[in-house]
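Hello,

Here is the structure I promised to pass on to you. Please open it first, and then read on for a short tour of what turned up.

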Amino acid sequence: MESTMTAVHHEEHPSGLARWLTTTNHKDIGTLYLWFSFAMFLFAGSLAMLIRAELFQPGLQLLSPAVFNQLTALHGLIMIFGAIMPAFVGFANWQVPLMIGAPDMAFPRLNNWSFWLLPAAATLLIASFFAPGGAMAAGWTMYPPLFIQGGISYDMTILAIHILGLSSIMGAINIVTTILNLRAPGMKLMMMPLFVWTWLITAYLLVAVMPVLASVITMLLTDRHFGTHFFSAAGGGDPVMFQHIFWFFGHPEVYIMILPAFGIISTIIPTFARKKLFGYTSMVYAVASIALLSFIVWAHHMFTTGMPVAGQLFFMYSTMLIAIPTGVKVFNWVATLWRGSISFETPMLFALAVVCLFTIGGFSGLVLALVPVDIQLQDTYYVVAHFHYVLFSGAAMSIMGGVYYWLPKWTGHMYDETLGKWHFWLTAVAFNVTFFPMHFLGLAGMPRRIPDYALQFADFNRIASVGAFVLGLAQLLFLYVVVKCIRGGFAAGERPWDGADTLEWTLTSPPPYHSFTTPPNLSK
């Protein structure tokens, strides 16, 4: 009898590889998501290193134009679907149940499945690079008519994106159900930490727009193999219709990648300012407003496709409108810092950098929202600078700050603060050296997605490439800091950041074992 019980116990708690393959624990799955995303981040970053090596000086150095295009496409797709999104889902898996007092995610087995789809999809996506036809010479946006042609690599890419989308939808359903149904007794929606709010809204965005992406790439697939003519002008289709459908997904996708970052920043800043977050309610409404407005601005990516002036005006004004709730968030972060007792640990440095640099990206977005300006800057390096200031300094640096912030709670050890600050300064400085000159390149007229360029662009490109190499190497230091922390170090204790007593549950997680009878009201 005893041996049978031991066997059952062993089956319920496997160890080693079996533990990670079969786990339904939200912390384990969160850890898997974070490690997977970091591996994809390093891989996609290495592709960027090749791109910047090619662009170090005029002329073709290492890559043919076709391979260069494939690298840029694969870099974009893997960074979005393999690095940024899985990292935020990893944070959600780890923190959402802790923050709302839930025992686990609502659907633990679905949680396991939604993760393990990712490595399969990533393998398929990377393998497409080596398949006949080459991967994604049509760019990461998959525009027809180029994408209607091509070899089996294009079909592999379509299948990989279907699998990635399926994973995202399942994860989003899990998060929505967990937040709405598994909150601790007495915790109303307007009492949830802001990180939980940002993920609730992000999950609704995912459920709304991932099927749109799935539909448009399925239409591409039928155009390629089944004789349909959705996007083939020769058969009466319209290639521009693809852009409308794609960007109806694509622009909310930008906010899927930035709203959880807002939640992380709204968690870090109050801790190290030692103040309650300023304007909690307005922050919730600002996040919801950004999410709703994101559905009506998609065609600002398409000002040069010949849309009517009335359409251009609508999308210009609606795009500028998003600046209002975004400005509310930046104002509230600054107001939280105002007269706070601020300390500058590594997570706070990342949070402050995100506020400053993301604001620069927001302003360049306002510049591109203006139709006459955008027509001049369309497909130049100004656009590359803009979205990297949004997605690297907004999303990726928020992820780094979040890792440093929660690592002591996850591991029980403090990371090496000196090395963490070295990582921050190398990353922040190298990022600006890499991407700020691209504004000038774009204003001077250098087009994006080309492996060769005129001599007049050489100096800024050389500066950007040097910055990119330093930025890439700095992330190896990040890996070292994280591994060193996991393997040991000073004990973090129950309250590693020593936040204010009444705020600790909102900043990290509820007090252990549900020791509150009624959660404190954030409005007080």
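Let me start with a single residue: D416 is partly exposed, because its relative accessible area is 24%, and buried would require under 20%. Please keep in mind throughout that this is a predicted model.

**Salt bridges**

D416 has a charged partner. Its side chain forms a salt bridge with K484, and the closest N and O atoms are 2.7 Å apart. K484 belongs to helix α17, while D416 sits in the loop between α15 (381–411) and α16, so this pair ties together parts that are 68 residues apart in sequence. K484 is partly exposed too, with a relative accessible area of 37%.

How many salt bridges does a search of the whole structure find? There are 5, and two others are worth a look.

One of them joins the side chains of R224 and D155, at 2.9 Å from N to O. Here R224 comes from helix α7 (residues 194–225) and D155 from helix α6 (residues 152–181), so the pair ties together parts that are 69 residues apart in sequence. Both R224 and D155 are buried.

In the other, the side chains of D28 and R19 meet, with 2.7 Å from N to O. D28 is buried, with a relative accessible area of 12%, whereas R19 is partly exposed, at 34%.

**Charges over rings**

R19 turns up again next to an aromatic ring. It lies over the face of W20, at 4.3 Å from the ring centre. Another arginine does something similar: the charged end of R462 sits over the ring of F56, 5.6 Å from its centre.

**Aromatic pairs**

A pair of aromatic rings is described by the distance of the centres and the angle of the planes. The count of such pairs in this model comes to 45. F230 and F231 make up one of them, a tilted pair with 6.2 Å from centre to centre and 45° between the planes. Is each partner buried or exposed to some degree? F230 counts as partly exposed, because its relative accessibility is 34%, while F231 counts as buried, because its value is 1%.

**A patch on the surface**

Which residues form a nonpolar patch on the surface? They are I360, W425, V429, V433, F436, F440, L443, F460 and I463, and together they have about 790 Å² of accessible area. The elements that give two or more residues to this patch are α16 (417–443) and α17 (458–487). Of the elements involved, α16 gives the most, with 6 residues.

F440 is a good residue to pick out when you look at the patch. It lies in helix α16 and is partly exposed, with a relative accessible area of 38%. That value fits its place in the patch, because patches are made of residues with over 30% relative accessible area.

**A buried threonine**

One last stop is T380, in the loop between α14 (371–377) and α15. T380 is buried, because its relative accessible area is 5%, and the limit for buried is under 20%. Which residues does T380 touch, not counting those up to four places away in sequence? They are G442, M446, P447 and R448.

I hope you enjoy exploring it.

Best wishes

Key: Residues are numbered from 1 along each chain as its sequence is written. This is a predicted model: local features need pLDDT of at least 70, side-chain atom pairs count only at pLDDT 80 or more; totals for chains, interfaces and linings use all residues. Side-chain values use heavy atoms; hydrogens and water are left out. Patches are made of residues with over 30% relative accessible area and no salt bridge: like charges are joined within 9 Å, nonpolar side chains (Val, Leu, Ile, Met, Phe, Trp, Tyr) within 5 Å. Accessible areas come from the Shrake-Rupley method with a 1.4 Å probe; for residues, only the protein chains shown count as cover. A salt bridge is a side-chain nitrogen of Lys or Arg within 4 Å of a carboxyl oxygen of Asp or Glu. Helices (H or I, at least four residues) and strands (E, at least two) are DSSP runs, numbered from the N terminus. Buried means under 20% relative accessible area, exposed over 50%, partly exposed in between (1.4 Å probe, protein chains only). Contact means heavy atoms within 4.5 Å. Rings of Phe, Tyr and Trp (its six-membered ring) pair if their centres lie within 6.5 Å; planes under 30 degrees apart count as stacked, over 60 as edge-to-face and the rest as tilted. A charge sits over a ring if NZ of Lys or CZ of Arg is within 6 Å of the ring centre and within 35 degrees of the ring normal.
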